[in-house]
Amino acid sequence: MHDNRVLIEQRIGRVLRERIRPAVYRSSVPARVEVWHAPGEPVPSSVGMAATYTPCQVGDLWGRPWGTSWFRITASVPDEWAQRTVEALIDLGFDGTRPGFQCEGLVYRPDGSPVKGIGPMSTWVRIGAPAVGGEQVELYVEAAANPVILGSFEPTELGDPATAGAAPLYRIGRVEIAVFDEQVWELVHDIEVLDQLMRELSTESGRRWEILRALGRAMDAVDPRDVSGTAKAARAELSDVLAAPAHASAHRISAVGHAHIDSAWLWPLRETVRKVARTASNMTALMDEHPEFVFAMSQAQQLAWLKEHHPPVYARVREKIETGQFVPVGGMWVEADTNMPGGEAMARQFVHGKRFFLDEFGIETDEVWLPDSFGYSAALPQLVLLSGSTYFLTQKISWNQQNTFPHHTFRWEGIDGSRVFTHFPPADTYCSEISGAELAHAARNFAEKGDARRSMVPFGWGDGGGGPTREMLARAARLADLDGSPTVTVEAPAEFFRKACEEYPNAPVWVGELYLEFHRGTYTSQAETKRGNRRSEHLLREAELWAATAAVRHGHPYPHDELDRIWKTVLLNQFHDILPGSSIAWVHQQAERDHAAVADELAGLTSSAQRVLAGEGGEPVAFNAAPHARDGVPAGGAALASISDTPPVTVTARDGGFVLTNGLLETVVDSRGLVTSLFDRVAGREVVAPGAAANLLQLHPDLPNTWDAWNVDEFYRNTVTDLVDADEVAVHADDRRHVAVRVVRSFSSSTVTQTVTLRADTRRLEIDTEVDWHEVEAFLKLAFPLDVHTDRSAAETQFGHVYRPTHHNTSWDAAKFEICAHRWVHLGEPGYGVALVNDATYGHDVTRSARDGGGTTTTLRASLLRAPRFPDPDTDHGRHAFRHALVVGATIGDAVREGYSINLPMRVTAGSRAVPPLVTVDNPAVVVESVKLAEDRSGDVVVRLYEATGARATARVTASFPVSRLVSTDLLEREWARSTEYEPTESGATVHFRPFQIVTLRCHRTV
């Protein structure tokens, strides 16, 4: 019996592959092909279609890397094909694998209307159903010669047009019109679905043998010489097994059409615009033929691209949104990285994303859709709820290297205690083909068996692969209610979540971040992209603050349009393959240009507002955009600059190095440029661990097993070179206010110049590091071994901080060997703490080591630079600048204050008057994150605040302008069921905060 089973299975595979599939198109005739190669970047369809075409033929080469070729395809339908379904078959040179990662095309009719996209898994274009015979066929194909980059992970020059070369990449394949045999096509899917199901069932299962025998009978019924004529008989042999209903206890799958499209990755932004158009064209065409089909599309930016660049496609999308088939989801501007964007930027992802869906379609998106981001911040649950959303979907945690995540349906609790209903599809893919193997895996893998039995499967080819196909829908229809399989219902995400919530009201709770045990190198790769993001976020804070202040105080026009556009640029570049540094060189070059343009424009907006605020005159007026007062300047305000009388900073030479003292700290920089002592005179204790040295640059080899730009593997730590040789150690600056020591090092092909600075009246040691970096597959760290005993670190995240262990008690602890932080990391023992603040660093690690005689050293390191070679072979080569400060005797509150301070330097403008803050808060634990004018252009002032220390707090919030009404809102500045109305008085309003609570206040102005 076993041998017979194997023979039947082998027979099924061969007959399906060699006889039945080829018979789907039983008659064909070649089409005439002509081509025009666009000379540069892509052109509008009107230009491409009007170009002068030259003849070409199957087998011809085409397509320089990143080039565009337009093909004109013409043919006549034979008269004898009347009343038959006729399709064009267009193969641009597809390799049959990895749709979305090679050449692609968008088909147009002669009138310029787009038809559908074509790719390896969707080469057909419907001509007539039925054809009348004799009609003339004319189609245009905009073909993109996108290079194949994903594969061996070897360095490639194809990611940069300047180095990609001009040799053609593709060869024209089949270009024909053919008769589509629907009966044979249906037989293909009958066999395929049953064969896939049968192979997933146990050999002891009677159902498996029932299906196998039916398939055997179907093979007998098929005449290989006349598949078309015998297809109906073969299908009859399978009808009974296909009609057998699923068991009542079968796992239930909600299949959601989807095409995950990375907004940039192994292709530039401009190519994503075209990928979106191809996919959306495919989906609307498929919806015409399949009214049951539902497709979910995330990322408001991608729909905005359609609106701007492809209005006809956008109009079709709008039609299908109105019918409920095309479903916007996600509620964010892009599927952003969630580790590195700052708090306000993460809030604006929701503000701009949800507002687009509301303004364009009148839709309040309810599902936050982030299947592919590289870990999920513990601040997200609160932001999801504050955006007016209810559900969260992810998938990426299935990539964990060490630990299997224990849930698929659960409630996720964030740092403030907010909980959001979350689903993690057990199929372990967001690009399902609706295959038997995927569905069986989903049912077997589902962690909540016994408590729930419902999961989601997003299906469709992503990244320009074309989305769901008619073949996938054919499988879904057969699997809707089939014995031995999970049931499959094609439906919208909202339907899945509604049913899942009803089924599982007491879902388990996961507390804290969803840390991805993979792709940890993304906290560091492409340092300039990261610096540009950090700088942009803080420049936006300044521009909004001073523009709002100038508008309220002096009627200065508020730049609504400019800020809206700039925010969307910054948010786009937070996409989860841009900000993490995991894209080709072209993408990061564009991001750096974007960030530079943003910086220039925001500097102009800020300067314009500050000139209005400072007034005429030549006195220096200092503007403080930070949320804490400093140097005699109020938070969010300006004052006439003055120099306070503080004890001077002194420097003395010692053993080839220097001792820096300001009365609060005494710092020893030795002859190697290392900090061997940092004595806190206030606390009377040493901060640097005994026998160790801080400000230590360490170089590791860095060749991860896979995914070079994405990953660092823990074994990188096994080899380290301490960079202790100095070319120069000298006093660089010395006055009463500060002393700076310059340290220059050279190693391998790179140089580092550091400036170690101690300023008057601070317990902060500043370190500026400039690196001219030309290493390959190396990892540069900046180390601070500290005499602090602690089993956990605190790292800033959006609107708060997270604690992580500094030990490896469990596999979950050990997996977090590289961590993400925003502006600061804090290490504290009872009564004493130290913080490391930064202006552009995200990756960090914290380790502990035993000391002779007892005790431990806790070493905090900042990750500065990497040098992976894939997908950008020259990652980070060039000059970089980093600023860090070690803050001693620091509380969490001190870390918050210093983190803002280092990222928001004071600005001085000539003028004549001080500027009182628009809003003040009397509790330093409550931070003003943003001050702006309302998005609806009413002139109301919107203030976003949060509790920053992780404790309950009460604050008096006072506005310095007339307020007729003060009310809390959601992130979109709307009043909602959770709004609180406050009674505004001259002394302000009292606002109560939970730990890490975010509060958005709308101050209705009396105008």
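The paragraphs below lead through the pockets, cavities, a buried helix, the cysteines and the salt bridges of this structure, which is a predicted model.

A convenient place to begin is the open space at the surface, where the largest pocket has a volume of about 1600 Å³. This pocket is lined by 48 residues, and those that lie nearest its centre are Arg-630, Asp-631, Arg-764, Ser-901 and Met-906. Several elements each supply at least two residues of that lining, namely the helices α14 and α18 (892-903) together with the strands β24 (637-640), β35 (764-773), β44 (878-888) and β45 (907-911). In chemical character the lining of the largest pocket divides into 19 nonpolar, 11 polar and 18 charged residues.

From the open pocket one can turn to the enclosed spaces, of which the model has 10 with a volume of 30 Å³ or more. The largest cavity has a volume of about 190 Å³, and of the 18 residues that line this cavity, Glu-344, Glu-537, His-538, Arg-823 and Glu-929 lie nearest its centre. Two or more lining residues come from each of α9 (343-361), α14 (527-554) and β47 (926-933), and among the contributors to this cavity α14 gives the most, with six residues. Helix α14 thus appears in the lining of the largest cavity and also in that of the largest pocket. The lining of the largest cavity comprises eight charged, five polar and five nonpolar residues.

The second largest cavity has a volume of about 90 Å³, and its lining is made of 15 residues, with Ala-259, Ile-261, Phe-295, Met-297 and Gln-302 closest to the centre. Helix α6 (269-289) and strand β14 (295-297) each give at least two residues to this lining, which divides into eight nonpolar, six polar and one charged.

Helix α6 returns when the charged side chains are considered, and here it helps to recall that side chains of opposite charge can pair when their charged atoms come close. The model contains 80 salt bridges, one of which joins the side chains of Lys-275 and Glu-104 with an N to O distance of 2.3 Å. Because Lys-275 belongs to helix α6 while Glu-104 belongs to strand β7 (residues 104-108), this pair ties together parts that are 171 residues apart in sequence. Both Lys-275 and Glu-104 are buried.

A second pair, Asp-483 with Arg-207, also meets in a salt bridge, at 3.6 Å from N to O. Asp-483 sits in the loop between α12 (470-478) and β21 whereas Arg-207 sits in helix α4 (residues 206-221), so this bridge ties together parts that are 276 residues apart in sequence. Asp-483 is buried, since its relative accessible area is 15% and the limit for that label is under 20%; Arg-207 is likewise buried, at 7%. Salt bridges that share partners also join Glu-41, Glu-104, Glu-142, Arg-270, Glu-271, Arg-274, Lys-275 and Arg-278 into one network, and the pair of Lys-275 and Glu-104 described above is therefore part of that network. By way of contrast in burial, Arg-174 forms a salt bridge with Glu-176, the closest N and O atoms being 2.5 Å apart, yet Arg-174 counts as partly exposed at 37% relative accessibility.

The loop that holds Asp-483 also contains Ala-480, which is found between α12 and β21. Ala-480 is partly exposed, with a relative accessible area of 33%, and, when residues up to four places away in sequence are not counted, Ala-480 touches Thr-487 and Val-488. The C-alpha atom of Ala-480 is separated by 54 Å from that of Val-896, and these two residues are 416 residues apart along the chain.

Strand β21 also takes part in the surroundings of helix α11 (residues 436-445), in which Gly-436, Glu-438, Leu-439, Ala-440 and Ala-442 are buried. The cover over these buried residues includes α3 (182-200), β13 (252-258), β20 (454-459) and β21 (487-490).

A last point concerns the cysteines, for the structure holds zero disulfides. Cys-56 is in no disulfide, and the nearest cysteine sulfur, which belongs to Cys-103, is 14 Å away; a disulfide would require the two sulfur atoms to be within 2.5 Å. Cys-56 is buried, with a relative accessible area of 14%.

Conventions: Residues are numbered from 1 along each chain as its sequence is written. This is a predicted model: local features need pLDDT of at least 70, side-chain atom pairs count only at pLDDT 80 or more; totals for chains, interfaces and linings use all residues. Side-chain values use heavy atoms; hydrogens and water are left out. On a 1 Å grid over the protein atoms alone, a cavity is a set of points where a 1.4 Å probe fits but cannot get out, and a pocket is an open set with protein on both sides within 12 Å along at least five of seven lines; lining residues have an atom within 4 Å of a point. Grid points are joined across faces, edges and corners, and a volume is the space filled by probe spheres set on the points. Helices (H or I, at least four residues) and strands (E, at least two) are DSSP runs, numbered from the N terminus. Ala, Val, Leu, Ile, Met, Phe, Trp, Tyr, Cys and Pro count as nonpolar, Asp, Glu, Lys and Arg as charged, and the others, Gly among them, as polar. Buried means under 20% relative accessible area, exposed over 50%, partly exposed in between (1.4 Å probe, protein chains only). Contact means heavy atoms within 4.5 Å. A salt bridge is a side-chain nitrogen of Lys or Arg within 4 Å of a carboxyl oxygen of Asp or Glu.
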